[in-house]
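Student: Can we go through this one together? I'd like to know what stands behind the labels people use.
Tutor: Sure, let's take a look.

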Amino acid sequence: YTTISVGYHYNYWEFRKTFGSTNSHMPYVNISQQIGPQWEVSLLGGILRQESQGLNVVEIDPAVAAIIGRTTGIETFYSVSYLPNLQLRATRQLRRGNITFDVGQTVNAGNGLLLTARFQTAGVTYHHAVSRTVGVDFGLAHSRLSSLAFDAGRLEQTIAHFSVNYALTRQWHVNMQAQYRRSEADLTVFRRNASRLAIGLTYSP
């Protein structure tokens, strides 16, 4: 069977402690197709219109810089961009779990340094039901964040994660997740490896 839906997203981001904001408008179409008993594929596509304003660092003319003693200055900018918004997902059902492939491109608020950024990602996740009460997940994803307002470089991250979910009862679950993250920025000498372990208790009525 095939499922088709249409929609519209509006986002407004205002950046605190600095001058700047972004408006984004995105109409989209989402198509989901069941291919046989095992595969399901979905595609979301749309056009995103983005208006941004903020501050940018610029170089000052050497003659002026010699007088005022500064080589850079700050100017305001205003920009309008049209970008594709795409998300593709394919899921295959297995005997005791499923595997999902994701790839996409969208726009988000950034990370505090890269304000209003293009976000590109690709990843794969595998879920396996060990028993009626225990499930495990393995995942690997790579993402790229790049500023749309000005050339501030890009931040790339690779994340590998493993999680275990144990059902104490029908409503209560114990969750454990281990994650390894590698981050790298191309305009600075920034490379960082980090790991995280989280344990939680969830309730779902």
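Student: Which residue in β4 is the bridge partner of Q53?
Tutor: That's Y78. Keep in mind that this is a predicted model.

Student: What makes β3 and β4 a strand pair?
Tutor: The cut-off is at least two bridges between the strands. β3 and β4, with β4 covering residues 72–94, are joined by 21 bridges, so they count as paired. They run antiparallel.

Student: And how do you know that β2 pairs with β3?
Tutor: Try the cut-off of at least two again. Strand β2 (residues 20–35) and strand β3 (residues 39–59) are joined by 14 bridges, so they pair too. They're antiparallel, and S24 stands opposite Q50 in β3. β2 and β3 form a hairpin with 3 residues between them, and G36 in the turn has a positive phi of about 70 degrees.

Student: Why is N85 called buried?
Tutor: Buried means under 20% relative accessible area. N85 has 1%, so it counts as buried. N85 sits in strand β4, and residues it touches include M26, L44 and V107.

Student: What makes the link between the side chains of N85 and T106 a polar contact?
Tutor: Here the atoms must be N or O and within 3.5 Å. The N85 and T106 side chains are joined at 2.6 Å, so the distance fits the cut-off.

Student: Which residues make up the largest nonpolar core?
Tutor: There are 9 residues in all: W13, F15, M26, Y28, L44, L48, L83, V107 and L148. β2 and β3 each supply at least two residues of this core.

Student: Why is the pair of Y126 and F138 called stacked?
Tutor: Planes under 30 degrees apart count as stacked. For Y126 and F138 the angle is 20 degrees, with 6.3 Å centre to centre, so the label fits. Y126 lies in strand β6 and F138 in strand β7, so the pair ties together parts that are 12 residues apart in sequence.

Student: Then why is the pair of F138 and F162 called tilted?
Tutor: Stacked needs under 30 degrees and edge-to-face needs over 60, and the rest are tilted. The planes of F138 and F162 are at 40 degrees, so that pair is tilted. Their ring centres are 5.0 Å apart. This pair links F138 in strand β7 with F162 in strand β8, 24 residues apart.

Student: Is F138 buried, exposed or partly exposed?
Tutor: Partly exposed runs between under 20% and over 50%. F138 has 40%, so it counts as partly exposed.

Note on methods
Residues numbered from 1 in each chain as written. Predicted model: local features only at pLDDT ≥ 70, side-chain atom pairs only at ≥ 80, totals over all residues. Heavy atoms only, no water. Helix = DSSP H or I, 4+ residues; strand = E, 2+ residues; numbered from the N terminus. Core = buried A, V, L, I, M, F, W, Y, C linked by side-chain atoms within 4.5 Å. Buried < 20%, exposed > 50% of the residue type's maximum accessible area, 1.4 Å probe, protein only. Polar contact = N/O pair within 3.5 Å; in protein donor to acceptor, adjacent residues only side chain to side chain. Contact = heavy atoms within 4.5 Å. Phe/Tyr/Trp six-rings, centres within 6.5 Å; stacked < 30°, edge-to-face > 60°. Lists of a residue's contacts leave out its neighbours within four places in sequence.
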